[in-house]
Amino acid sequence: MRYTLRQSRADDIDWLYELNCAAYREVVVRQFGGWDDALQRQIFFSRWQEPRAARIIQSGTERIGVLILEQRDDYDWLQEIQISPYHQGQGLGSSLLRELIADARSRGVPVRLQVLHANEGARRLYERLGFVVIQKLDNHHLMEIA
C-alpha cells in the first residue's frame, strides 16, 4: 500500500480519537473488562494538551493512521502506531516499522515500545519483526529491537 506521512493538525483531533477507539476498544475491553468512554476521552485528550510529534498516515488524501515517534538520546520511543482497522492486514504497519527500525539502526540506537498484555496481535507483529520483551509491566510489555 502506498502512503505518505504529514504532520498532524488541530483539525485531526476528533478523527484521531475515533481512530484510537477503533484501534483499542476491543483490546481495552479484553484487558480491563469494559470501555468507559468518559475515562478514555479524558486519557486521550490529556495526552494531546501539549503538542505531539504526531504524523498522520495517508493513502492519497484519506487518513488511515497515526505514527508518533520520539527520538531520544539513546533510543527511539515509538509512542503510538495506529492503523485504521479497515486498512490493517495489508502490510502497512510492517512496512512503517521496518523503516523506523532501519533508520534507528543507521543511527546506532534501538527502538522501544509498549504493548498492552491483551494486544496479542500487535505483540505477534512486533515479535515477527524482531522485537523482544525486555520488561513486563503491570499493563504492558516493554519491547525493544536493537
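Begin by selecting Ile-57, Leu-78, Leu-97, Tyr-126 and Phe-131, the residues with the most contacts inside the largest nonpolar core, which has 25 residues; a nonpolar core here is a set of buried Ala, Val, Leu, Ile, Met, Phe, Trp, Tyr and Cys residues joined through side-chain atoms within 4.5 Å. Buried means under 20% relative accessible area, exposed over 50%, and partly exposed in between, with a 1.4 Å probe and protein chains only. The elements that give two or more residues to this core are β3 (62-71), β4 (76-83), α3, β5 (111-116), α4 (120-128) and β7, and α3 gives the most, with six residues. Helices (H or I, at least four residues) and strands (E, at least two) are DSSP runs, numbered from the N terminus. Apart from this core lies another, of twelve residues, and Val-28, Phe-44, Trp-48 and Ala-54 are among them. In soluble globular proteins, nonpolar side chains tend to be buried together.

This is a predicted model, in which local features need pLDDT of at least 70 and side-chain atom pairs count only at pLDDT 80 or more, while totals for chains, interfaces and linings use all residues. Residues are numbered from 1 along each chain as its sequence is written, and side-chain values use heavy atoms, with hydrogens and water left out.

**The sheet**

Next, show the strands: they include an open sheet of seven, in the order β1-β2-β3-β4-β5-β7-β6, with mixed pairing, where two strands pair if DSSP finds at least two bridges between them. β1 (4-7) and β6 stand at the edges with a single partner strand each, so one side of each is left without a neighbour in the sheet. From one strand to the next the twist averages 30°; axes are lines fitted to C-alpha atoms, for helices over the stretch in contact, and angles run from 0 to 180 degrees between N-to-C directions.

At the β1 edge, β1 pairs with strand β2 (residues 54-59) in the antiparallel sense over four bridges, and selecting Gln-7 shows it opposite Arg-55 in β2.

At the other edge, strand β6 (residues 132-136) pairs with strand β7 (residues 140-145), again over four bridges and in the antiparallel sense, and a hairpin of three residues joins β6 to β7. Here Lys-136 stands opposite His-141, and Gln-135 stands opposite Leu-142. On its other pairing, β7 runs antiparallel to β5, with six bridges joining the two, and the bridge partner of Leu-113 is Met-143 in β7. Five of the six residues of β7 are buried, so this strand is largely enclosed by the rest of the structure.

**Helix α3**

Now select residues 92-106, which form helix α3. The helix lies across β1, β2, β3, β4, β5 and β7, running at about 165° to β4. The expected span of a helix is 1.5 Å times one less than its number of residues; for the 15 residues of α3 this should be 21 Å, and the end C-alpha atoms are 21 Å apart, which agrees. Its buried residues are Leu-92, Gly-93, Ser-94, Leu-96, Leu-97, Leu-100, Ile-101 and Ala-104.

Centre on Ser-94, which counts as buried at 16% relative accessibility, and which touches Leu-125 and Leu-129 when residues up to four places away in sequence are not counted; contact means heavy atoms within 4.5 Å. Just after the helix, Gly-108 takes a positive phi of about 75°.

**Helix α4**

Move on to α4, where the buried residues are Ala-122, Leu-125 and Tyr-126. Seen down the helix axis they fall within an arc of 95°, so they line one face of the helix, the arc being that of the directions from the helix axis to the C-beta atoms. These buried residues pack against β4, α3, β5 and β7. After α4 comes Gly-130, whose phi is positive, near 110°.

**A last stop in a loop**

Finally, select Gln-88 in the loop between β4 and α3, a residue that is partly exposed, with a relative accessible area of 46%. Add Ala-38, which is 50 residues away along the chain, and the C-alpha atoms of Gln-88 and Ala-38 prove to be separated by 27 Å.
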